[in-house]
Amino acid sequence: MSEDLNSIKNHYELAIVGCGPAGMAAALNAKIRKRDFILLGSEFCSPKLSKAPHIENWLGFPEIGGEELRQRFLEHLKKREISIMSFRVNNIYPGPPFTIMGKDKSLEADAVILATGVSANKLFPGESELLGKGVGYCVTCDGPLYKNKNVAIVSYSKEGEDEANFMADICAKVYYIPYYSDALRLDHRIEVKKSNVKGIVGTQNVERLDLGEEQLTVDGVFIIREILPAEQLISGLDMEEGAIKVNHKLETSISGLFAAGDCTGQPYQLIKAAGEGGTAALQAVKYLDNLKST
Ligand SMILES: Cc1cc2nc3c(=O)[nH]c(=O)nc-3n(C[C@H](O)[C@H](O)[C@H](O)COP(=O)(O)OP(=O)(O)OC[C@H]3O[C@@H](n4cnc5c(N)ncnc54)[C@H](O)[C@@H]3O)c2cc1C
């Protein structure tokens with residue numbers, strides 16, 4: 001399903017970020033409307049949908065398992081020749097055109113739909129306050145700034161191990177705090193701390209990582225999560241009760257940026273996610289048409 005990063009163009013009319021029911025429904029509508037779009041997502045789309053054991057509220061299917069529905073969604077996209085690009089978005093800079101940054105590649109789009117779902121993990125104390133002041137989410141982007149310095153990498157997945165190994169060549173000291181139980185494959189120079197993060201501490205910039213029983217003196221903290229908090233993905237985004245604030249057209253506080261699915265708040269349901277995804281795509285199409293005529 002996933003394509004080679006080299007096939008990504010520099011510019012699209014629309015970029016859809018997230019490949020759950022919301023992102024897939026958005027892509028389907030964008031395709032039907034013959035738009036020039038890209039669907040960016042994770043390697044596995046979507047873990048939440050797959051984990052739903054028995055779904056009883058998806059219209060037309062009195063009972064279906066999440067994995068079966070996921071397979072049907074993917075099959076539907078395939079039939080419409082829609083590909084999902086495995087591309088974790090780390091940052092978006094407002095547009096138009098918006099600039100969408102991944103680990104090894106960036107692209108531009110005139111409109112963007114955020115369909116990133118919600119993270120089950122809460123932010124650490126100090127994380128938002130010190131974002132950009134030592135706290136970061138993209139090791140490849142910001143890692144070189146920490147040459148000969150001390151950093152900690154807090155990771156919820158094995159993906160963090162590659163990032164830590166990369167930093168071991170650059171930094172004076174790398175600490176690795178895994179929030180998962182799989183076996184670790186890390187460079188011998190990396191010090192593993194199997195503790196919970198109590199907070200990230202600093203006045204102007206990051207100074208230390210508080211592990212409760214121990215304080216690590218660090219200049220930077222990278223956090224590797226499956227889903228980044230939306231407000232950290234793009235600055236200036238209005239939030240409401242922890243969700244992206246949208247109106248009934250799924251417009252956010254940033255012109256040209258739409259949001260759909262769990263990331264816009266409760267209820268966390270498939271039908272809402274898919275409905276919002278489809279609506280956001282149609283609204284984005286209108287926005288793009290207006291953009292062209294101005
Ligand atoms: C155990 C369980 C049971 C459930 N049962 C039901 C049920 O019976 N009925 C029901 O209606 N709902 C159910 N749900 C809820 C339903 O699964 C969600 O509401 C739905 O999946 C939300 O869709 P979404 O597209 O908004 O987000 P998600 O499904 O979370 O998809 C978001 C996708 O975007 C990707 N992504 C996130 N950030 C980025 C980024 N920066 N770059 C690239 N990709 C990114 C994620 O990896 C993910 O693949 C259940 C959920 C769970 C966990």
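These legends walk through several close-up views of a predicted model. Residue numbers start from 1 in each chain and follow the sequence as written. Local features are given where pLDDT is at least 70, side-chain atom pairs count only at pLDDT 80 or more, and totals for chains, interfaces and linings use all residues.

**View 1. The two domains of the protein chain**. Domain 1 takes in 5-119 + 228-293, and domain 2 covers 135-224; these bounds come from an automatic or database domain assignment. From one C-alpha centre to the other it is 30 Å. Where the domains touch, domain 1 puts in 7 residues and domain 2 puts in 4 residues, with contact meaning C-beta atoms, placed from the backbone, within 7 Å. On the domain 1 side there are 2 nonpolar, 3 polar and 2 charged residues. For that count, Ala, Val, Leu, Ile, Met, Phe, Trp, Tyr, Cys and Pro are nonpolar, Asp, Glu, Lys and Arg are charged, and the others, Gly among them, are polar.

**View 2. The shell around the ligand**. Which residues come closest to the ligand? They are G18, G20, S42, G117 and G261, out of 33 residues that surround it; a residue is near the ligand if its C-beta atom, placed from the backbone, lies within 6 Å. The shell is made up of 17 nonpolar, 11 polar and 5 charged residues. At least two shell residues come from each of α1 (21-32), β2 (37-41), α2 (47-51) and α7 (270-293). Helices (H or I, at least four residues) and strands (E, at least two) are DSSP runs, numbered from the N terminus.

**View 3. Strand β6 and its partners**. Strand β6 (residues 106-114) is largely enclosed by the rest of the structure because 7 of its 9 residues are buried. Buried here means 20 or more other C-beta atoms within 10 Å of a residue's own, all placed from the backbone. Strands count as paired when DSSP finds at least two bridges between them. Strand β1 (residues 11-17) runs parallel to β6, with 6 bridges, and I16 sits opposite I113. Strand β17 (residues 257-259) is also parallel to β6, joined by 3 bridges, and there I113 faces F258. Strand β5 (residues 98-101) is antiparallel to β6, with 4 bridges, and M101 stands across from S106. A hairpin links β5 and β6, with 4 residues between them.

**View 4. I16 and the nonpolar cores**. A nonpolar core is a set of buried Ala, Val, Leu, Ile, Met, Phe, Trp, Tyr and Cys residues joined through C-beta atoms within 7 Å. The largest one has 56 residues, and L14, A15, I16, A26 and I113 have the most contacts inside it. Helix α7 is its biggest contributor, giving 9 residues. Leaving out residues up to four places away in sequence, I16 touches several others, including A26, F37, L39 and I113. A second, separate core holds 25 residues, among them V135, V154, L209 and I224.

**View 5. The open five-stranded sheet**. Its 5 strands line up as β7-β14-β8-β9-β10, with parallel pairing. At the edges are β7 (135-136) and β10 (190-192), each pairing on one side only. Strand β7 meets β14 (residues 220-224) through 2 bridges, and V135 is opposite V221.

**View 6. C263 in its loop**. Is C263, in the loop between β17 and α7, buried or exposed? It counts as buried because it has 27 C-beta neighbours inside 10 Å. Among the residues C263 touches, not counting those up to four places away in sequence, are L114, G117, A230 and I244.

Definitions and conventions. Two residues are in contact if their C-beta atoms, placed from the backbone, lie within 7 Å. A residue is buried if 20 or more other C-beta atoms lie within 10 Å of its own, exposed if 12 or fewer, and partly exposed in between; C-beta atoms are placed from the backbone.
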